[in-house]
Amino acid sequence: MTAQPTAEQLRAELAQLQQEHEDFRQLARDRAIKGFHDGQWTAEALNDTLTDLGLQPHEPQLVSRFDVNFAFQVEARTGDEHDDHQLVHRLRDKVVADAMRAALSAAIAEHLPGTPLTVTEQEAHPYIGYATVRWV
């Protein structure tokens, strides 16, 4: 005669079966969503099926990335040509690039409030086209 499982063993087995069941439901949902992304389902058909199965509907989010190129001028009053060369070198510095990224992010937040735009990349070495040097 085999021994009857204890209550603790039954609870552990039940917990394991519940976890396996939940994992299977998540796998089914993930595969259905993949089918939607592969064009096998319409969004409406996908969500109808997920709802029929008692699964959370899919709420797709669109992530857009834009390359925005712009140019601006900066002016510096330096003592001599050597200072000018150092300034150009400094403009290519990572710290300055990070400061420009922070300023750009702040400007977007200030002037386009409520938009999901964020600065994700920026050239670490901005192109410096030409410099106009004049004595004042």
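Helices here are DSSP runs of at least four residues, numbered from the N terminus. In this predicted model, one such run is helix H2, which covers residues 43–52 and includes Asn-47. Setting aside residues up to four places away in sequence, Asn-47 touches Pro-57 and His-58, and its C-alpha atom is separated by 8.8 Å from that of Glu-59, a residue 12 places apart from Asn-47 along the chain.

Following one of those contacts leads to His-58, which is found in the loop between H2 and helix H3 (81–91). His-58 counts as buried because its relative accessibility is 14%, and buried means under 20%. Beyond its neighbours up to four places away in sequence, His-58 touches Arg-29, Ile-33, Phe-36, His-37, Leu-46, Asn-47 and Leu-50.

Several of these names return in the largest nonpolar core, whose 5 residues are Ala-32, Ile-33, Leu-46, Leu-50 and Leu-55; the elements that give two or more residues to this core are helix H1 (7–37) and H2. Among the core residues, Leu-50 touches Arg-29, Ala-32, Leu-55, Gln-56, Pro-57 and His-58, again not counting residues up to four places away in sequence.

Arg-29, which lies in helix H1, is in contact with Leu-50, Leu-55, Gln-56, Pro-57 and His-58 once its neighbours within four places in sequence are left aside. This arginine is buried yet has no salt bridge, and the nearest side chain of opposite charge, that of Asp-30, is 4.6 Å away. A salt bridge requires a side-chain nitrogen of Lys or Arg within 4 Å of a carboxyl oxygen of Asp or Glu, so the pair Arg-29 and Asp-30, at 4.6 Å, does not count as one.

Definitions and conventions
Residues numbered from 1 in each chain as written. Predicted model: local features only at pLDDT ≥ 70, side-chain atom pairs only at ≥ 80, totals over all residues. Heavy atoms only, no water. Contact = heavy atoms within 4.5 Å. Core = buried A, V, L, I, M, F, W, Y, C linked by side-chain atoms within 4.5 Å. Buried < 20%, exposed > 50% of the residue type's maximum accessible area, 1.4 Å probe, protein only. Lys, Arg positive; Asp, Glu negative; His and termini not counted.
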